[in-house]
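Take a look at the structure below. We will walk through it one piece at a time.

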Amino acid sequence: MKKYGKREIWVRLTGVVTAAMMIASVGAMMPIENVYAVPELPTGDVYQTELIEIDPPAVIYDRQPTRGASALAADQTDYSEDVYASYVGYYALDESQKAVYDAIKKEAHMCYVSDDPASLVETVVYNGGAGSAYTFAEIPIYCYELTPEEVWETFNSFRMDNPIYFFTSYSMLYSTLSGQDIVYGINLVIDDELTNSDTFIETRQVIEKTISSAQEEIEDDAFRITALNSVPFGNDPIIEATHDWIIDRIDYAFDENNTPDQSLAAHSITGVFGPTAGAAVCEGYAKSFQLLLNSFDIPNIYVTGIGNGGGHAWSMAQMNDGWFYYFDLTWDDPVGGTERKDYFAGGRTLFAEEHVLDNSDGSGKDYLYDLPDVPDSNYEATSYEEYIEDRYVYRLYNDHAALVKYYGNTDLNEDHAVVPSEVKGLPVTEIKGAFAGISNLKSVVIPDTVTTLSYGDNGIGVFEWCSSLKNVTLPKTLKRIDYHSFYGCSALETISIPSSVARIGESIFTYCASLGEIMIYSKNCEIPRASSICEKPVIYGYSGSTAQIYAETYNRTFCMLSDLILTTLPTMITTTTSETEAITLSSTTGSSLTIASISSSMTTTSSDTHTTAMATTSSDQVMTTLISTTLPEPITTAAMTSATMQTTAVKPELISDINRDGISTLSDLVILNLYILGDVVDLPVNERVIDCYFDGVIDTRDSAALLQFLLRMIDQLPVYPEL
């Protein structure tokens with residue numbers, strides 16, 4: 001098998017954590033009585049990840065590194081068992097927590113490979129002798145100044161990431177210094193049944209042998225599935241074969257009272273791979289699925305939450321189409337019924353009926369990280385062809401194409417990209433993780449064929465860590481902006497989300513340090529988590545919109561979109577025109593206004609900086625109509641989607657979307673004219689966008705060009721350099 005070290009997977013600190021420490025990690029569900037029965041409610045089978053406070057040791061540790069130092073983890077290397085590990089929880093922690101996590105993992109590794117693990121075991125008494133626990137490691141961590149809550153987060157993340165450490169208890173002992181809320185040291189607890197070295201070593205050896213055998217059987221079955229269904233060998237057959245291997249091997253674990261088994265073995269991989277394998281509760285099903293998929297390097301996540309009212313654990317994994325889906329192996333393995341795939345690669349709609357995920361907002365039992373978006377519908381296998389053209393990598397389906405990778409030319413210092421609208425006659429409707437990690441990318445043009453911005457392999461966001469990205473215009477056709485789309489785009493200052501967008505994913509703006517404004521033009525855009533939008537930006541939206549509700553719920557700054565256009569309205573607009581042609585347009589309020597368009601032969605000089613190129617029969621009427629609580633719908637065609645430089649075969653093209661709502665309309669012309677007059681207050685102006693001629697001067701020449709463009713007298717704005 002291939003050996004993997006730490007994989008730089010995709011989840012980092014994104015969520016809001018709660019102060020609760022004694023919160024459940026997993027639970028087990030009563031299985032299904034027959035093939036089509038609704039799963040029964042649980043009977044209290046919930047293991048809680050808990051911290052138990054003890055007195056500090058008598059000997060004071062003499063090491064005093066500063067917070068954030070990595071002394072505890074300095075000598076850590078990759079371990080052979082890392083092939084079975086996840087790192088979702090690890091990347092959700094801050095640097096001090098990661099150091100403590102590494103220290104915990106180091107001690108767990110030493111116990112796992114020890115020839116005499118019993119020699120590591122000590123008995124620790126707490127609560128004045130009322131309780132005791134077997135521990136295998138004592139770790140001083142006071143130098144990191146972590147609170148008990150932060151330690152709980154760290155330990156819980158470790159347990160959820162590392163199913164191979166079957167002996168690690170769900171509880172951990174910790175001590176604090178008198179009068180302080182800083183954890184002094186921690187003691188790692190071992191399962192009582194594994195304190196004997198012979199029992200421990202036998203269990204480990206059987207687990208490793210069974211895992212190796214399972215991998216071979218799963219690979220054989222995956223090739224059979226591939227040949228039988230004529231599908232490409234990839235995630236799909238491995239995931240299906242793993243699902244089938246687990247539920248064929250074990251049953252749901254009951255104790256002698258016919259209630260869910262409370263033993264640690266049933267809640268771990270021991271119930272699936274150990275010497276007494278054959279039964280497990282939901283945690284054992286899900287952790288074994290996680291371990292095997294990790295061994296095949298298939299992106300997956302072990303998740304917890306509520307299933308039909310009680311604590312439950314299930315899984316997520318990335319299928320061949322690039323989307324994550326839900327899997328519940330426990331409910332696919334009913335008592336007295338035939339194994340099935342009713343909960344195999346399910347979408348949001350199916351799982352929302354009976355499953356409620358824990359999440360980073362603190363509802364449920366608390367996740368420290370957000371989860372990738374899942375399609376509404378269940379998975380349907382679809383074949384595709386991979387195709388490369390002009391540094392773009394596509395997946396070609398029957399009726400559309402998805403852009404999955406862009407290879408920018410850093411040697412030529414190319415800092416902008418234009419996504420083609422079609423390839424091989426197919427419209428490009430999805431962009432999946434294609435630009436992630438391109439640090440020099442500054443601007444991107446997205447065509448109006450695109451409906452989805454989503455993550456790629458391992459859940460990496462479409463523009464994740466594009467640290468130079470400043471200008472991206474979202475097309476009016478866009479429906480979804482998924483998980484981590486702009487994660488780490490530290491240069492992004494403002495963005496407009498068109499009214500067509502129905503859902504914003506989790507953590508799409510995390511680590512966007514320069515982001516000051518987010519305009520949300522949809523009144524009903526779903527914004528699922530507090531972490532979907534970071535705290536710093538001002539959110540602009542309409543009264544009563546989901547954006548306003550979100551801002552009020554999570555204490556974000558909110559402003560009405562109408563306030564973005566102007567802080568003060570000018571009482572009069574001075575107009576200067578050359579040749580004019582009167583054109584009457586219908587406004588969104590039902591009234592009409594007359595605009596004198598500037599003929600294509602008109603020219604102005606840069607000295608005309610205090611006049612506008614818009615003449616009206618009533619300037620007040622124009623201002624009242626265009627600057628309203630609801631911005632006017634676009635008059636331009638679907639091609640007018642760029643707010644930045646668009647590359648043609650020879651030169652970039654500029655389209656002036658000044659208010660950054662994803663379209664160019666008369667509202668943009670009004671703002672441009674007011675900017676020239678000096679009457680715009682507190683409006684962040686991107687001069688590269690509104691300087692239509694790219695001559696370093698913003699004047700009526702730019703107004704004239706923009707007006708002609710809006711009234712369709714010219715097909716595109718002037719370009720730089722002019723030829």
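Helix 4 and helix 6 are oblique to each other, and the reason is the angle at which they cross. Helix 4 covers residues 235–249, and helix 6 covers residues 282–295. Their axes cross at roughly 140°. Angles over 145 count as roughly antiparallel, and those from 65 to 115 as roughly perpendicular. The crossing fits neither group, so helix 4 and helix 6 are called oblique. The angle is one half of the description. Two packed helices are described by the angle between their axes and the distance between the axes. Here the axes come within 10 Å. The crossing of helix 4 and helix 6 also has a hand: it is right-handed.

Which residues of helix 4 and helix 6 make the contact? On the helix 4 side they are I238, I239, T242, H243, W245, I246 and I247. On the helix 6 side they are Y285, S288, F289, L292 and L293. Look at the spacing as you read those names. An α-helix has 3.6 residues a turn, so residues three or four places apart point the same way. Now sort the contact residues by character. Nine are nonpolar, three are polar and none is charged.

This is a predicted model, so check its confidence before going on. The mean pLDDT of the protein chain is 75. A value of 70 or more is reached by 70% of the residues. Among the elements, strand 18 (residues 426–432) has the highest mean pLDDT, at 97. Helix 10 (residues 619–626) has the lowest, at 30. Over residues 1–44 the pLDDT is below 50. In the model, this stretch still has 186 contacts beyond near neighbours in sequence. Residues 62–75 also have a pLDDT below 50, with 28 such contacts. Where pLDDT is low, the predicted coordinates should not be read in detail.

Now step back to the whole chain. The protein chain has 723 residues, and 60% of them are buried. It holds 13 helices and 32 strands. How far apart in sequence are the residues that touch? Take the contacts between residues at least 6 apart in sequence: 65% of these join residues at least 24 apart.

A second helix pair is worth a visit. Helix 1 (residues 95–113) and helix 2 (residues 148–161) have axes that come within 9 Å and cross at roughly 50°. That angle makes helix 1 oblique to helix 2. The crossing is right-handed. Helix 1 brings Q97, V100, Y101, I104, K105 and A108 to the contact. Helix 2 brings E150, E153, T154, F155, S157, F158 and D161. The mix of residues is six nonpolar, three polar and four charged.

Stay with helix 1 and find H109. Is H109 buried or exposed? Its relative accessible area is 16%, so H109 is buried, given that the cut-off is under 20%. Leave aside its neighbours within four places in sequence, and H109 is in contact with Y79, E81 and Y165.

Next, go to E50 in strand 2 (residues 46–54). E50 has 17% relative accessibility and therefore counts as buried. Its C-alpha atom is 8.5 Å from that of N156, although the two residues are 106 apart along the chain.

A loop comes next. A345 lies between strand 11 (324–327) and helix 7 (348–352). With a relative accessible area of 1%, A345 is buried. What does A345 touch, not counting residues up to four places away in sequence? The list is M319, Y325, Y326, F327, N378 and Y379. Take M319 from that list: A345 and M319 are 26 residues apart in sequence, and their C-alpha atoms are 7.9 Å apart in space.

Finish at helix 13 (residues 700–710). How many of the residues of helix 13 are buried? Ten of the eleven are, so the helix is mostly covered. Among them are T700, D702, S703 and F709. L710 belongs to helix 13 too. L710 has a relative accessible area of 1%, so L710 is buried. The C-alpha atoms of L710 and S656 are separated by 9.9 Å, and the two residues are 54 apart along the chain.

Definitions and conventions
Residues are numbered from 1 along each chain as its sequence is written. This is a predicted model: local features need pLDDT of at least 70, side-chain atom pairs count only at pLDDT 80 or more; totals for chains, interfaces and linings use all residues. Side-chain values use heavy atoms; hydrogens and water are left out. pLDDT is the predictor's confidence in each residue, from 0 to 100. Helices (H or I, at least four residues) and strands (E, at least two) are DSSP runs, numbered from the N terminus. Contact means heavy atoms within 4.5 Å. Axes are lines fitted to C-alpha atoms, for helices over the stretch in contact, and angles run from 0 to 180 degrees between N-to-C directions. Angles under 35 degrees count as roughly parallel, over 145 as roughly antiparallel, 65 to 115 as roughly perpendicular and the rest as oblique. A crossing is left-handed if the near helix is turned anticlockwise from the far one by less than a right angle, and right-handed if clockwise. Ala, Val, Leu, Ile, Met, Phe, Trp, Tyr, Cys and Pro count as nonpolar, Asp, Glu, Lys and Arg as charged, and the others, Gly among them, as polar. Buried means under 20% relative accessible area, exposed over 50%, partly exposed in between (1.4 Å probe, protein chains only).
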